[in-house]
Amino acid sequence: MNEHAPHRFERGTDGPKVIVVGVDGSDSSLRAAAYAGGLARRQNALLAIVYVQPVLPAGAALGAPVADTTGEIAESLVAEIRSAAERVKGIWDVRWEFHTFHGDPFGGLVTAADQLEADAVVVGASQSAGHRIVGSVAVRLVKAGRWPVTVVP
């Protein structure tokens with residue numbers, strides 16, 4: 001083998017280009033966003049912040065108030081993220097985008113990671129007792145085995 005042959009790079013071998021982080025307003029998801037922001041800054045990667053808006057069965061919500069509420073959550077998250085980005089502007093610059101997907105958290109994050117061509121996924125650890133039975137979003141993402149997944153407590 002020629003020692004001076006040019007090296008060929010493959011996707012993912014020279015660091016992540018897109019890091020997807022799931023946020024829902026919980027403390028653990030906001031810690032995950034902060035952690036992912038640090039990763040994105042150090043790797044010069046795009047931080048794709050994803051909120052998965054729940055889709056409720058027809059009639060379960062009795063109309064638009066729930067849709068309005070989840071839309072307000074997304075708007076609130078964007079405002080909080082913009083505020084945090086402004087506070088560190090000039091000190092730490094991170095390229096970021098905010099995306100809203102619809103569905104259950106696991107399915108929405110899978111769709112987001114696929115569509116955004118994620119190299120890595122970061123999520124907060126779930127505190128829900130129900131996830132001990134069904135499995136948390138984080139565990140299900142890890143078991144999917146399609147991206148490196150970091151779970152932030």
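Let me start with the interior: in this predicted model, the largest nonpolar core has 19 residues, and those with the most contacts inside it are V20, V50, L109, L116, V121, L141 and W147. The elements giving two or more residues to this core are β1, β2, α3, β4 and α5, and the largest share, 5 residues, comes from α3.

If you would like one residue to look at in that core, take L109, which touches G22, V50, V52, V123, V137 and L141, leaving aside residues up to four places away in sequence. Apart from this core lies another, of 15 residues, among them I19, A32, A40 and I49.

That brings me to helix α1, residues 27–43, whose 17 residues should span 24 Å at 1.5 Å a residue, and since its end C-alpha atoms are 24 Å apart, the expectation and the model agree. Which residues of α1 are buried? They are S28, S29, A32, A33, A36, G37, G38 and A40, and these buried residues pack against the strands β1, β2, β4 and β5. Just after the helix, N44 takes a positive phi of about 55°.

Finally, a word on charged pairs, where the count comes to 1 salt bridge. R146 forms this bridge with D114, and the closest N and O atoms are 2.4 Å apart. The pair links distant parts of the chain, since R146 sits in the loop between α5 and β5 while D114 belongs to helix α3, 32 residues apart. Are these two partners buried or exposed? R146 counts as partly exposed because its relative accessibility is 47%, and D114, at 37%, likewise counts as partly exposed.

Definitions and conventions:
Residues numbered from 1 in each chain as written. Predicted model: local features only at pLDDT ≥ 70, side-chain atom pairs only at ≥ 80, totals over all residues. Heavy atoms only, no water. Helix = DSSP H or I, 4+ residues; strand = E, 2+ residues; numbered from the N terminus. Expected span 1.5 Å × (residues − 1). Buried < 20%, exposed > 50% of the residue type's maximum accessible area, 1.4 Å probe, protein only. Contact = heavy atoms within 4.5 Å. Core = buried A, V, L, I, M, F, W, Y, C linked by side-chain atoms within 4.5 Å. Salt bridge = Lys/Arg side-chain N within 4 Å of Asp/Glu carboxyl O.
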